[in-house]
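Dear colleague,

Please find the structure below, handed over for your use. A written account of the findings follows it.

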Amino acid sequence: MTVEVIILAAGMGKRMHSTLPKVLHPLGGRPMLHHLLDTVHRIRPDRVHIVVGHGKGHVIENIENEYPGDKKESLINWVEQTEQKGTGHAVLQAIPAIDRSSTVLILNGDTPLLEAETIRAVCRPGNTLNLLTANLPDPSGMGRVLRDGDGNIIRIVEHKDASESEKSISETNTNCMSTGAACLADWLPLLDDQNASKEFYLTDIIACAVNEGVPVHGIPAPDILEIQGINSKNDLERAERIYQARLAGKLMSQGVTIMDSSRFDLRGDGQFGSDCIVDVNVVLEGKVVVRDGVRIGPNTVIRHSTIGDGCVIEANSVIDSATVGKKCVIGPFARIRPDTVLGDRVRIGNFVEVKKSRIGDGSKVSHLSYIGDSEIGSGTNIGAGVVTCNYDGTHKHPTTIGNHAFIGSGSQLIAPVIIGDGATIGAGSTITRNVGEDSLALSRVPQRSKEQWKPHNKKGQ
Ligand code: UD1
Ligand code: MG
């Protein structure tokens, strides 16, 4: 059987109240259309026609540049619907490109939670129309499936056109359907726009099939959560929680401890080793690799990073595009910025910001520091409030600190500057020149004290 898929993605998504085309709104950090394409690829179709219209350029550019699928150029055929006259009209635009002997599977671009097994079950060969349906506790907004006294599907009525008794029907249309291309090509020109929306409804082909005696099979969705269509930001939030619950469920089944799956967000690809614990309100973005025995504290954001074995990330930390070695302790309230590489057993404490720096094994930056464009050796201690002054207003300059150095609290290292192995910088120093190995550098202004001193303007003292 040759299977051609049509994805409807031309609608403007008026109910989203957004300039972004609806199918590009993110679910788990990726456009919903990416998720649908992933699922479609799993059933290995021969062709995928994507009908675009509203925001066409944006949608095409996004898929061509950001969707990772192999061979997508040969698989995807872009179809333009210049005016959005309804879902039936959208499918009609794809017909000229479709082989009449194919089985056509139609999907809404705004239904990204469908599973491959479900759409495979709908995609049946032969002269039938197969329709995925779902019994929803709250079917409002959806097309309702009307059946005759024998239980046969006879037509679909859209919510806007439904009578009160039809609105009480809970069986709904998902718009996931398959049929033979030749039938589809015959039925679509028969549609009209005599309805509440003045649109050509795809759903009216059900009645066409019934008129011609083509069997219509209703296939119940295995899980009503899959068929969540996204028409509004409320729907998007609901779909996001369904998606996140799925991801959290998968990770927990692999052994990850997630303290509250409703407060866990993975917007990308998260890989976990064994015995990891994820506390509440953790957001992971992009490719995040978390090795064995890592504990991630609450309210933490980790983006495109690798966290080594046995690390503890304390609460309220942000780690972005960094590589963290084994047994490091980071936070609470730490910020690790892009291009940072931490060795093993590094300690980054509260209110410390590290940017584009390498910090060697066992070194500590425990409190209130800024480390930028720096290379720090191993076993070095950076005291509280140390600042690497890397920016002169025009250029960024590097700071190099050797092994087993000690930088006293409140010091400023004016880059470019090199501090040798074993060097000590006295607290409160402003270091403008290189400091050799095992040297002590101090640049404090000598303290002056005046005994028995009182301010002149304090009367009566
Ligand atoms: C549609 C179905 C409804 C079903 C629901 C399931 C119709 C008439 N109604 O309603 O029975 O219960 O899906 O989620 O089909 N689109 C185009 N061109 C257009 C109009 C829409 O490509 O001219 C695309 C949209 O981008 C969207 C999809 O078709 O991806 C569905 O359109 P939408 O307006 O969301 O239809 P629903 O009101 O959800
Ligand atoms: Mg919809």
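**Ligand and metal sites**

A polar side-chain atom of aspartate 110 is placed 2.9 Å from an oxygen atom of ligand 1, a polar contact being a pair of N or O atoms within 3.5 Å; within protein, one must be able to donate a hydrogen and the other to accept it, and residues adjacent in sequence count only if both atoms are side-chain atoms. This is a predicted model, in which local features need pLDDT of at least 70 and side-chain atom pairs count only at pLDDT 80 or more, while totals for chains, interfaces and linings use all residues. Residues are numbered from 1 along each chain as its sequence is written, chains are lettered from A and ligands numbered from 1 in the order in which they are written, and side-chain values use heavy atoms, with hydrogens and water left out.

Aspartate 110 also serves the metal: Asp110 (OD) and Asn231 (OD1) are the protein donors of the magnesium ion (ligand 2), at 2.1 to 2.2 Å from it. Donors are N, O and S atoms within 2.8 Å of the metal (3.2 Å for Na, K and Ca); water is not among the atoms, so sites may look incomplete. The two donors link distant parts of the chain, 121 residues apart: aspartate 110 lies in the loop between β6 (103-108) and α5 (116-122), and asparagine 231 in the loop between β11 (216-220) and α9 (233-253). Helices (H or I, at least four residues) and strands (E, at least two) are DSSP runs, numbered from the N terminus. Aspartate 110 is buried at 10% relative accessibility, and asparagine 231 is buried at 18%; buried means under 20% relative accessible area, exposed over 50%, and partly exposed in between (1.4 Å probe, protein chains only).

Around ligand 1 there are 24 residues, of which Leu8, Gln81, Thr87, Glu158 and Asn173 come nearest; a residue is near a molecule or strand if one of its heavy atoms lies within 4 Å of it. Oxygen atoms of ligand 1 also lie 3.1 Å from a side-chain N or O atom of lysine 22 and 2.8 Å from a backbone N or O atom of glycine 86.

Glutamine 81 is found in the loop between β5 (76-80) and α4 (87-94) and is buried, with 2% relative accessibility. A polar atom of the glutamine 81 side chain is 3.3 Å from the backbone oxygen of glycine 86. Beyond four places in sequence, the contacts of glutamine 81 (heavy atoms within 4.5 Å) include Ala10, Val51, His89 and Gln93.

**Strand β6**

Strand β6 is largely enclosed by the rest of the structure, because 6 of its 6 residues are buried. Thr103, Leu105 and Leu107 point one way, whereas Val104, Ile106 and Asn108 point the other. β6 pairs in parallel with strand β1 (residues 3-9) over 6 bridges and antiparallel with strand β10 (residues 171-180) over 4 bridges; two strands pair if DSSP finds at least two bridges between them. Valine 104 stands opposite glutamate 4 and has threonine 179 as its bridge partner in β10.

**Domains and the open sheet**

Domain 1 (3-227) and domain 2 (356-444) divide the protein, with bounds from an automatic or database domain assignment. Their centres, taken over C-alpha atoms, are 61 Å apart.

An open sheet of 11 strands pairs in parallel, in the order β12-β14-β16-β19-β22-β25-β28-β31-β34-β37-β39. Its edge strands, β12 (257-258) and β39 (440-441), each pair on one side only.

With kind regards
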